[in-house]
Amino acid sequence: MTKFDARHHQHQPQSCFAFVKLPSFNGSNDPSLYLEWEAKVEHLFHVYKVTEDQKVRLASLVFLDYVNQGWQRTVMDIGLNKRPIMVSWYDLKACMRARFVPPPYRKEHLLKLQRLHQGPRMVDEYFKNLETTLTKMNMHDNEESKIARFVSGLRREIQDIMKLYEYSSLKKVVHLAIKVEL
């Protein structure tokens, strides 16, 4: 095998990855494009039950152009500093978010999350908006916190009725709020 073949072979998916087709990512000044890529990759990892130790290797295979060059520099910098290479998908996402999701974008979405209320929308539309915003913020609140966020953003008349009931899951709370709304 020539030197080129060896390098080229390193970037080819191993047989255990052949069935997982991730979307490529070549970088963008639009943070929402990175966040969409990340969400799609997360979903595919879940669907295909990709193990934690495979996620970074698999994701880095689909980096193109500018992102691939940046990733190679990061790996090289880690190696030169004698630190262990990023071994977790969480670390890779943090590195990518630091590069492609600037702090003003995150701040803007945090403010949006704080101000998010049902208003004139239907409950299911409000809930979808809440979930989308939480996903974009990469906020993985526990079930109890999500329920509290959801209920506190409902219209007052729905909130008042919701307080009369016990609920154990966000799914049940949303269904109850939809019934109350009707």
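The pLDDT is the predictor's confidence in each residue, on a scale from 0 to 100. In the predicted model described here, the protein chain averages a pLDDT of 84, and 87% of the residues score at least 70. Over residues 1–15 the pLDDT is below 50, and this stretch makes eight contacts in the model beyond near neighbours in sequence.

The protein chain contains ten helices and zero strands, so that its pattern, read along the sequence, is α-α-α-α-α-α-α-α-α-α. Of its 182 residues, 37% count as buried. Among the contacts with a separation of 6 or more, 62% are accounted for by residues 24 or more positions apart.

The largest nonpolar core comprises 23 residues, of which Leu22, Tyr34, Trp37, Phe45, Leu92 and Met96 touch the most other members. Helix 2 (31–47), helix 3 (52–60), helix 4 (65–80) and helix 5 (89–100) are the elements that give two or more residues to this core, and the largest share, six residues, comes from helix 2. When residues up to four places away in sequence are not counted, Met96 touches Phe25, Tyr34, Phe63, Val67 and Val101. Apart from this core lies another, of 20 residues, which includes Met139, Ile147, Phe150 and Leu154.

Two residues other than glycine were examined for their positive phi values. Lys49, for which phi is near 55°, lies in the loop between helix 2 and helix 3; with a relative accessible area of 69%, against a cut-off of over 50%, Lys49 is exposed. Asp65, for which phi is near 45°, lies instead in helix 4, and at 53% relative accessibility Asp65 likewise counts as exposed.

Towards the end of the numbering, attention turns to helix 10 and the loop that precedes this helix. Ser169 lies in that loop, between helix 9 and helix 10, and is buried, since its relative accessible area of 17% falls under the 20% cut-off. The side chain of Ser169 reaches the backbone nitrogen of Lys172 at 3.2 Å. Leaving aside neighbours within four places in sequence, Ser169 is in contact with Glu143 and Ile147, the latter being one of the residues of the 20-residue core.

Helix 10 itself covers residues 170–181, and its twelve residues should span 16 Å at 1.5 Å a residue; the end C-alpha atoms are 16 Å apart, in agreement with that expectation. The buried residues of helix 10 are Leu170, Val173, Val174, Leu176, Ala177 and Glu181. Seen down the axis of helix 10, these buried residues fall within an arc of 165°, and they therefore line one face of the helix. An α-helix has 3.6 residues a turn, so residues three or four places apart point the same way. The face of helix 10 turned away from the buried side carries the exposed residues Lys171, Lys172 and Lys179. On the buried side, the residues of helix 10 pack against helix 7 (123–136), helix 8 (143–152) and helix 9 (156–162). Lys172 thus appears in two settings, because this residue is exposed on the outward face of helix 10 while its backbone nitrogen is reached by the side chain of Ser169, which is buried.

Key: Residues numbered from 1 in each chain as written. Predicted model: local features only at pLDDT ≥ 70, side-chain atom pairs only at ≥ 80, totals over all residues. Heavy atoms only, no water. Helix = DSSP H or I, 4+ residues; strand = E, 2+ residues; numbered from the N terminus. Expected span 1.5 Å × (residues − 1). Buried < 20%, exposed > 50% of the residue type's maximum accessible area, 1.4 Å probe, protein only. Arc of directions from axis to C-beta. Contact = heavy atoms within 4.5 Å. Core = buried A, V, L, I, M, F, W, Y, C linked by side-chain atoms within 4.5 Å. Polar contact = N/O pair within 3.5 Å; in protein donor to acceptor, adjacent residues only side chain to side chain.
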